[in-house]
Amino acid sequence: RHLTAPPGAMNGHFALVGDGEDMNFDHGIQVIDENKEFNDNLNAYLQHEAIVPAGFNYHLISVFGSQSTGKSTLLNTLFGTDFGVMSEQDRKQTTKGIWMSKNKRKEVTSPKKGGGVTLRMADNILVMDVEGTDGRERGEDQDFERKSALFALATSEVLIVNLWETQVGLYQGANMGLLKTVFEVNLQLFLKDSKTIPRSLLFFVIRDYLGTTPLSNLRQTLLSDLSRIWASLSKPSGLENSSISDYFDFAFVALPHKILQPDKFATEVQELSLRFREGDFKTAARRKTGALGLDGDDADEPILRPEYHRRIPADGFSVYAKGIWDQIESNKDLDLPTQQELLAQFRCDEIARDVLVPFDAAIAPLEARHAEGARKGEPLVLDALGKTMNTVRAQALQDFQSEAGRYHKGVFSRKRAELEDKIDDRLKTLWRAQLSAAQKVGVANFSEAVSAAVKNGQKKAGGQYDFAKIVEAEKMKAVKRFADVASETEVKGASWSVYEQDLGLFKKELDEVSKRLRREEMRRLATRVERWVRSKLGESVGLEFNKLGSGRGGSGAPEEGDRGDEKDIWDRVWHVFTDSVTHAEERFTDRAKSFDASPEEVEVGLWRLRRKSWGALRAKLDEELMEGNLLLKLRENFEDRFRYDHEGVPRIWRPTDDIEGIYTTARQATLHLIPLLSRFKLRETGSNPPLAAWVGEAPTGVSPADEEDLAPIGGVDEDEGKSLEEEMTVLGDAKQQDLSTRFKKMADGVYVEAKRSAIGGVTQ
Ligand code: GDP
Ligand code: MG
């Protein structure tokens, strides 16, 4: 923090430099001080003057010339500034270093045009008052005057070269020597690698013009001097043949003596200030028309032309100017384009950080919600995510475009691409998470919806529903929902944001789920059909075995034929069984077809059905032929033969009856049943039923899951070590033996009772 007295602060007003808030800018700002220090408050000043947000809408003008030639006075008159001016009394240098001030004037009335024409000067004209050359007060130190002149030349659109008429034609007096050095270094430092030639206007203001020598003569003299200087420059390689008019335009004006002709001076300066308006781009062709392509007689032409502008946005100017100064100071072999690129990088990075703040604020909470959903295992489909993503993305890129687009094009587009990558990295992850959530939620919803529709269908009368239709309808809904979410989430302009493949995968997954649901549905159907088979067998097979009890094949009229039927019992059981299963198979096939089940799936289902049905039959046989049940059946069978005659009339035993004969025949007949019932053997063929052929080989489509609940069947399943013979054996030898013995005892008891009743009957 140090105190600096502004040059014009005759009233003792001091500016406090270094404190952003209460700095005094009444006299502009000292951009570079006498110690060649660049002022870091330059941006604060530009801010103070509201130039920072102006983008390109500002202009920079410098003055160049010997000391005490009235430069500051001219600028103050032209722009209403308050640069320090030497007092008439002590002729001492006042301007130290380089000062900058904003033009204070806006509208200027043209004195020449009868005062009736009022024109607006260009907006935001920044004027730099440069310490005069000649080094009078600085002794032989030409370092500063070179550097400050170079600084003015490198940054300004218009360089006012201020000189007395008497100096024209004097090599030293008109600072031509200095100009030569400055031109040379400017070429070396800033112009040698530049792709586009930046153009400046050298505006010669001839002071104390007497009016005796025509201005055009003075102009010619100055131009030929300049051409000579240019020819004598040592130019960087590649620029050997360049001409001064490649880099400069020229304009000339002459002003009367301020002290001797104050009114005329005032009028002329007033008129001159009108020229600081924005002009058109001057075409090369037009430039060529004048001598050296110079500004000829267009004395009224505006001088601030677009081609002079350095295209440094105002908010980057302070950084840019400091870079230029540092480069001049250190004399590093850097050039202007590099400065511009460095500046562009710096500013683009800053702007990118800025635009990412609102982006992050909008996106981070969404990312958090997705992450939480993933952690909890509850995938979340965010509403209107695409809308948010598109809005914030476009906003960020647009903000970047408008803020950073003014900077070096190459750097800008590279930084824009970097920013886009950064943004899209984030959005892509979010987009991915959304699609993945949509897919998971979609599959779960689909599965639930199908199950619910099936349940609904089952409740309906008849329980008829078309599974395939349900699946198709729900699939369409699910696909639409997914596509809706996916297309809503699409990020416009992002090449990665395409969901066709995801949609394809989603459909595939739905197909997988459909297949699983269909298999479950098939299982349910199979279970229903199996249950039906079991109950059918329970009834029909039970009936066949109950017939045994009658000994005559039924409770109806006694027919001889019925007795013979006992020997066919297994044939009938087999037929009842195969008929029932065949019927069930038809039902199964019909229903399965309505599911759109594949022929393979149907075949597996049928194969399982046959095996399970056999299992059901086998269980039914075991139940019917349990020892107790069987003994009861044998007893009924025997008693029916023994106690009833052929007519079905109960016998009243008399002593004369051949009780023993009848008993022996009946017992024998019933005993025959034991070996008959012990084995499932068909009478037709005299062998086991063709179970293996009937069940059939396992179809190729059988999966381990299909076989899970299937019991092995002897003689059908290889590697089971159980023969078909064993499978068909209902009672083993020992059991048969035991059963015979118990049956005989029971029969004996019946016989004894009959005997007793015969005798008793006689006695009574
Ligand atoms: P600078 O700082 O070198 O640009 O010059 P100043 O603007 O400080 O003026 C130096 C002296 O010249 C002051 O005393 C002014 O009054 C005087 N001066 C200003 N304008 C003119 C002019 O047009 N002709 C002459 N002869 N003197 C002038
Ligand atoms: Mg001055």
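Does R608 count as buried or exposed, and at what relative accessibility? In this predicted model, R608 has a relative accessibility of 4%, and because buried means under 20%, this arginine counts as buried. You will find R608 in helix α16, which spans residues 599-624.

Let's look at what surrounds that side chain. Once its neighbours within four places in sequence are set aside, R608 is in contact with R523, D706, D709 and L710. One of these partners, D709, deserves a second glance: the side chains of R608 and D709 are joined by a polar contact of 2.9 Å.

From here we can move to another charged residue, E530. Helix α13, covering residues 500-550, is where E530 sits. Its relative accessible area is 8%, so E530 is buried. Leaving out residues up to four places away in sequence, E530 touches L609 and K612. To get a feel for the fold around E530, find V581 as well: the two are 51 residues apart in sequence, while their C-alpha atoms lie 8.9 Å apart in space.

Now travel back towards lower residue numbers, to a pair of helices. Helix α2 (residues 71-79) packs with helix α6 (residues 262-273) at an angle of about 65°, and their axes are 9 Å apart. Angles of 65 to 115 degrees count as roughly perpendicular, and that is therefore how α2 and α6 lie to each other. If you turn the view to follow the handedness, α2 passes α6 in a right-handed crossing. Which residues make this contact? On the α2 side they are L74, T77 and L78, and they meet F265, V269, L272 and S273 in α6. By character, the residues of this contact divide into five nonpolar, two polar and no charged.

Two loop residues round off the tour, each with a backbone angle worth checking. A50 is not a glycine, yet A50 has a positive phi of about 60°. Look for A50 in the loop that runs between α1 (42-48) and β4 (59-65). With a relative accessible area of 47%, A50 is partly exposed.

What is the phi of R311? For R311, phi is positive at about 60°, although R311 is not a glycine either. R311 has its place in the loop between α7 (284-289) and α8 (314-330). At 44% relative accessibility, R311 counts as partly exposed, whereas R608, where we began, counts as buried.

Conventions: Residues numbered from 1 in each chain as written. Chains lettered and ligands numbered in written order. Predicted model: local features only at pLDDT ≥ 70, side-chain atom pairs only at ≥ 80, totals over all residues. Heavy atoms only, no water. Axes fitted to C-alpha atoms, helices over the stretch in contact; angles between N-to-C directions. Helix = DSSP H or I, 4+ residues; strand = E, 2+ residues; numbered from the N terminus. Parallel < 35°, antiparallel > 145°, perpendicular 65-115°, else oblique. Left-handed = near helix turned anticlockwise from the far one by under 90°. Contact = heavy atoms within 4.5 Å. Nonpolar A, V, L, I, M, F, W, Y, C, P; charged D, E, K, R; others polar. Buried < 20%, exposed > 50% of the residue type's maximum accessible area, 1.4 Å probe, protein only. Polar contact = N/O pair within 3.5 Å; in protein donor to acceptor, adjacent residues only side chain to side chain.
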